[in-house]
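Thank you all for making time this morning. I would like to take you through a few local features of one model, and I will try to keep to what the coordinates themselves support.

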Amino acid sequence: MKRALTIALCLLVVMVLATGGTQAAKTRLVLQTHWSDFQLEGVVDENGKLVSKGLRQYVEEYMKLKPDVEIELQSVPMEEYLQKILVSRSAGVSPDIYIIRSLWGVQLEDSGIIESPPPALIEDVKKNYVPAAVEGATINGKIMGIPVEVGNYCLVYNKAHLAEKGYKAPPNTWDEMVDMASKLTVRDKTGAITRYGFSFLAGWDSAVVHPFLGLLWDMGGEYLSPDYKKSLLNSPEGIKALEAELELFRTGGTDISGSVWEFPQQKVSMIIMASWYENSLKQGLGADYEKVVGVAPIPKVNKNINAMYTFFATVDSGSRHKKEAWDFLAWFTAEETANKTTRLGDLMVETIGSVPARKTDLENHPKDLQDLYTKTFIDELKNAKHEPNMAQAAEINTILMQEIVEAWHGSKTAKQALDDATKKINAILAEYY
Amino acid sequence: MSGLPSESSRRRSVQRTVTGYLFLSPAIVFYLIFLIIPVGMSVYISFRKWNMLVPLSSSTFIGLKNYQDLFRDELFLCAVKNTLIWAIGTVFLGMLIALVIALLILNIRWAPFWRFLVFAPVVTPLVAVARIWGSGIYKTSGGMLNSILAMWQLPPQHWLADSRIALFSIMSVAIWASIGSTVIVFTAGLKGIPDEYYQAAKIDGASPWHEFRHVTLPLLRPTILFLSVTGLIGAWQAFDLVFQMGAGGTQSGVSAVKAIILLNVYLYQTAFQNLRMGRATAGAFVLFLIILCFTFVVLRVLREGGVESYE
């Protein structure tokens, strides 16, 4: 009995040591991303069968290829991403790889959190990515990561609602849209809107700031001076742009309770939305998707132009496994498969429903990128203008959002709101430029 | 020979002191680590420009600029005003309603059942409370309150989006969610008042109002003081409900962020979204001073007329 116990104990010790030994030999990478749900786990059909791969499946594929590398995925909600970076840095448990919004790039680069890719990858980015994406990943004049996603905006409308009111085509100009929005709005007998002709989304900076920037640029205005020392929001063009938005409120085409998230429930007829919303619409509308969803360029005042943002993948400067992290990113974002696409491109197009930034991915996914939703977004990339990557960008965008929302509420005129925004933004810019 | 006893007694005294401090040392270490050092660090940080992304040693000393910027920030002043309204509203209005409910429950049948009913929201998670009220009761289109208004042919309201009423809408939820515990404390206070006082008042011909005014209310002073002080401290630190119901901002769709922002939400956003740790820490000190002043005022007001147990 005693002997058997001794042998069992020895075996246990050997097994523990062996397991520990194997784990110690592995390089463990942590990848942090704002993606969640199907974007991470993939899309499955009603029988639970995987229809299109999520990030996890690609990571597993890489781990099979490189058994000495283990990658952990950390999903962080978008609104908490920046503070997660901050807290994990303070706690000394930073991830190795980030997929971040370019807007945060200046702060992260200034603080030495992120580092530039190896020269070969920089060359690859310069050569193989669309210029707007390269601009997005360029922070303080340096390429700081590999563009993952470019996002621009279009008008998404409900074809059935428009047809119901006799409209054969979506609005082409902003004035047409204002007129159509009020006619498409349905109210109950108490005056409450039961179906919005048009809807913004207050409370989320991108949803407020990006449509406004599109209009501002359309009017010929600018967000910031070229040296980033001054905000130019309260220019006559800026005021006209905000007035154009306010017209939707004044004519009853929308109100302050409207939400873009109610489009899949068919409670909104028109929204200005980004390309990544495709899968949510498909899931929300189910069989009605093709019957309902239409996409068009944002109705213009002077010229078609829409705001654009970028996400890029990069590596923490404090990572102990920088080489392995960049190796994984190179495999994931730059190595082409038999279809002449990258794995990241496949994930973006087939699962997430977003627009990839690499030229070959844009060229070699004709089926998905030319579908009824994404095609217009791709076409409109030529009219897209990247949001500026400036210091304290998140804070500045929040200020602009709050002031625009004040004007929506009628608490301030367009001029007052933009004068206040300009004053506050200038004070911040003066700290950095 | 005469020096020996005094030497040994001095040694004993030193030993006693050392032993005493040794017994105290866990508590001293605890307070040092979790109170004194963090407070000291906070004072230090409040005079510096620091974004937490770099080591504190790389931060810059900027004197009182964080405090100056704070009082120039329109959003901070909004947050102070909103929190003041929130504190007074939720604490004093909540106490008034709770006292009425406690008095009613004390005098009706099935008191335990009613107490349970009133207490139920207290044990409901605030996230669930926020969701039920935000997406159900307060929803503009098809929400419960607007349906009731519609029955009376009244126009619908944007309960959470209209900056004139959004704060009061959330305050109502806060009162509803916390009133149960206030009712329980008041019930205990009411039960602690001896019957003899009421009997004596009746003999003297006091009306129910006079009984309440001259017997119940004075004898409830310690309870009111306790609820006021703890309630005010809690109210100035309110965060979760207002964050969940819209001030958290992102994707919430609630547009009246400025109208509902409270101090703690402002501090959170300043520190973790705008990465201005120095200014946020300065704001935390202002919050500390406000709570201190409020507590002092409440103690002074309620001590007048005698609340012996708090002297």
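Let me begin with a single residue, Asp368(A), which has 18 C-beta neighbours inside 10 Å and therefore counts as partly exposed, given that a residue is called buried at 20 or more such neighbours and exposed at 12 or fewer. I should say at once that this is a predicted model, and that caveat applies to everything that follows.

As for its setting, Asp368(A) belongs to helix H17 of chain A, which covers residues 366-369. If we leave aside the neighbours within four places in sequence, the contacts of Asp368(A) are with Val349(A), Glu350(A) and Thr374(A). One may also note Gly353(A), which lies 15 residues away along the chain, while its C-alpha atom is separated from that of Asp368(A) by 8.3 Å.

Let me turn now to a strand. For strand S9 of chain A, residues 146-158, 13 of the 13 residues are buried, so the strand is largely enclosed by the rest of the structure. Which strands does S9(A) pair with? There are six bridges to strand S14 of chain A, residues 306-316, and the two run antiparallel; within that pairing, Ile146(A) stands opposite Ala313(A). Five bridges connect S9(A) with strand S12 of chain A, residues 270-274, again in an antiparallel arrangement, and here Tyr157(A) has Met270(A) as its bridge partner. Finally, S9(A) is joined by four bridges to strand S13 of chain A, residues 293-296, which is antiparallel to it, with Leu155(A) partnered by Ala296(A).

My last topic is a pair of helices. In general, two packed helices are described by the angle between their axes and the distance between the axes. In our case, helix H10 of chain A, residues 205-218, and helix H11 of chain A, residues 236-250, have axes that come within 8 Å and cross at roughly 125°, which means that H10(A) is oblique to H11(A). The crossing of H10(A) and H11(A) is right-handed.

Which residues make this contact? From H10(A) they are Phe212(A), Leu215(A) and Leu216(A), and they meet Glu237(A), Gly238(A), Ala241(A), Leu242(A), Ala244(A) and Glu245(A) in H11(A). Sorted by class, the contact between H10(A) and H11(A) comprises six nonpolar residues, one polar residue and two charged residues.

I will stop there, and I would be glad to return to any of these regions in the discussion.

Methods
Residues numbered from 1 in each chain as written. Chains lettered and ligands numbered in written order. Predicted model: local features only at pLDDT ≥ 70, side-chain atom pairs only at ≥ 80, totals over all residues. Pairing = 2+ DSSP bridges. Axes fitted to C-alpha atoms, helices over the stretch in contact; angles between N-to-C directions. Parallel < 35°, antiparallel > 145°, perpendicular 65-115°, else oblique. Left-handed = near helix turned anticlockwise from the far one by under 90°. Contact = placed C-beta atoms within 7 Å. Nonpolar A, V, L, I, M, F, W, Y, C, P; charged D, E, K, R; others polar.
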